[in-house]
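Please open the model in your viewer and keep a selection panel at hand. The stops below go from one element to the next, each with something to select and something to look for.

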Amino acid sequence: METVVGVFAHVDAGKTTLSEQLLYRGGTLRRAGRVDSGDTCLDRDVIERSRGITVFADEAAFTACGLPFRLIDTPGHADFSGEMERSIWAVDCAVLVVSCVEGVQAHTETVWRLLRQNDVPVVFFLNKADLPTADAAGTLAAVRARLGADVLACGPDFCAADIGEALAEELAARDETLMEDYLVRGYDAQAARERGAALVRAGLVCPAVVGAALNGTGVDTLLNVLAAFCAAPQEEAGDALFRARVYKVRHEKNGGRIVFLKVLAGRLRLKENVACPEKGGTAYYKVNGLRAYSGGKSAPLAEAGPGTLCAAAGLGRVMPGDVVGADARPGMPPALRPLLSA
């Protein structure tokens with residue numbers, strides 16, 4: 001089962017650069033693209049490349065320590081915060097990028113609040129630490145003070161297989177179960193990693209990595225942190241009824257409507273009839289197409305299992321936030337409201 005990681009940040013914190021490095025070092029790209037060169041994998045729209053900003057959330061697969069992940073790169077501009085907020089519905093964990101030059105900013109606090117409201121585990125990447133004006137220690141202190149996060153600093157020697165006794169002691173100080181086990185049996189690498197993952201998934205602890213995405217510093221450490229603390233269990237779900245949340249809707253060049261889904265339970269199969277919410281009740285629509293997207297490429301799917309992202313054609317007029325399948329219902333209104341609408 002793949003783990004969906006969303007990358008979030010205030011604009012210009014280096015989010016897309018970090019996404020490129022994750023895809024490069026995660027085995028998806030042959031080389032990492034650059035925003036200023038206009039050759040990044042996930043910013044493919046002409047507007048994104050001409051402006052050097054992310055407008056549309058896009059996704060791609062990668063691996064971390066041999067485990068399957070899928071990355072969603074989200075917009076950092078507040079103007080496109082609706083696209084960012086919809087992506088939160090699809091992620092299992094988040095990497096929140098904070099610049100060590102500008103520090104915690106207003107939109108950083110907004111993103112943090114939305115992630116907390118949706119119970120999304122957070123890993124911090126403190127970026128641009130290589131610049132002369134960077135203040136990594138001050139930024140880490142600001143994250144603790146302004147966001148109220150219990151940050152667990154993970155150094156460059158962090159390893160997914162063995163997080164180290166020093167870090168295990170820090171985790172034990174936050175968790176009675178791990179403390180009792182540590183005092184009785186001493187350091188156990190597997191127990192420390194598993195209990196640390198439980199604390200991170202519960203939102204009680206937020207790992208933090210200091211680095212510089214442009215030259216790749218800290219990216220390997222971040223991959224190890226994701227593998228150790230954020231990876232989803234690899235066992236498949238049983239015979240649960242299919243249920244999924246819509247997190248994005250796109251239109252093909254021929255006008256066809258593509259609905260992007262995060263499968264919450266069960267399996268979605270091609271040509272299957274799916275319950276979709278409509279005014280006054282529920283309607284059933286046949287899945288005429290099922291695909292998986294990664295960067296600018298897509299591949300047909302026969303079925304999509306629990307925890308995965310997929311794109312389906314033929315699901316009527318469902319909207320982002322809607323739940324389809326079992327317990328089909330309209331989505332809740334977004335927390336962020338646009339200043340202008342047309």
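How are H3 and H4 oriented to each other, roughly parallel or roughly perpendicular? Bear in mind throughout that this is a predicted model, and begin by selecting helix H3, residues 81–88, together with helix H4, residues 106–117. Their axes lie 10 Å apart and the helices pack at an angle of about 30°; since angles under 35 degrees count as roughly parallel, H3 and H4 are therefore roughly parallel to each other. Viewed along the packing direction, H3 passes H4 in a right-handed crossing. Now show side chains: on H3 the contact is made by Ser81, Met84, Glu85 and Ile88, and on H4 by His107, Val111, Leu114 and Leu115. Coloured by class, this contact of H3 with H4 comprises 5 nonpolar, 2 polar and 1 charged residues.

Next, select helix H1, residues 15–25, and helix H9, residues 219–230, whose axes come within 10 Å and cross at roughly 75°. H1 and H9 are therefore roughly perpendicular to each other. From H1, display Leu18, Gln21, Leu22 and Arg25, which meet Val219, Asp220, Leu222 and Leu223 of H9. The contact of H1 with H9 contains 5 nonpolar, 1 polar and 2 charged residues.

Turn then to the sheet, which is open, has 6 strands in the order S14-S13-S16-S9-S8-S17, and shows antiparallel pairing. Its edges are strand S14, at 297–300, and strand S17, at 323–325, each of which pairs on one side only. Following the sheet across, you will find that the twist averages 40° from one strand to the next.

Within that sheet, select strand S13, residues 289–294, and strand S16, residues 309–313, which pair in the antiparallel sense over 3 bridges. As a general point, strands of a sheet pair through backbone hydrogen bonds, either parallel or antiparallel. To locate one bridge, centre on arginine 291, whose bridge partner in S16 is alanine 311.

For the last stop, turn to the aromatic rings, of which a search of the whole structure finds 5 pairs. One of them joins phenylalanine 260 and tyrosine 293, with 5.4 Å from centre to centre and 50° between the planes, an arrangement that is tilted. Phenylalanine 260 belongs to strand S9, residues 257–265, and tyrosine 293 to strand S13, so that the pair, 33 residues apart, links distant parts of the chain.

Methods. Residues numbered from 1 in each chain as written. Predicted model: local features only at pLDDT ≥ 70, side-chain atom pairs only at ≥ 80, totals over all residues. Heavy atoms only, no water. Pairing = 2+ DSSP bridges. Helix = DSSP H or I, 4+ residues; strand = E, 2+ residues; numbered from the N terminus. Axes fitted to C-alpha atoms, helices over the stretch in contact; angles between N-to-C directions. Parallel < 35°, antiparallel > 145°, perpendicular 65-115°, else oblique. Left-handed = near helix turned anticlockwise from the far one by under 90°. Contact = heavy atoms within 4.5 Å. Nonpolar A, V, L, I, M, F, W, Y, C, P; charged D, E, K, R; others polar. Phe/Tyr/Trp six-rings, centres within 6.5 Å; stacked < 30°, edge-to-face > 60°.
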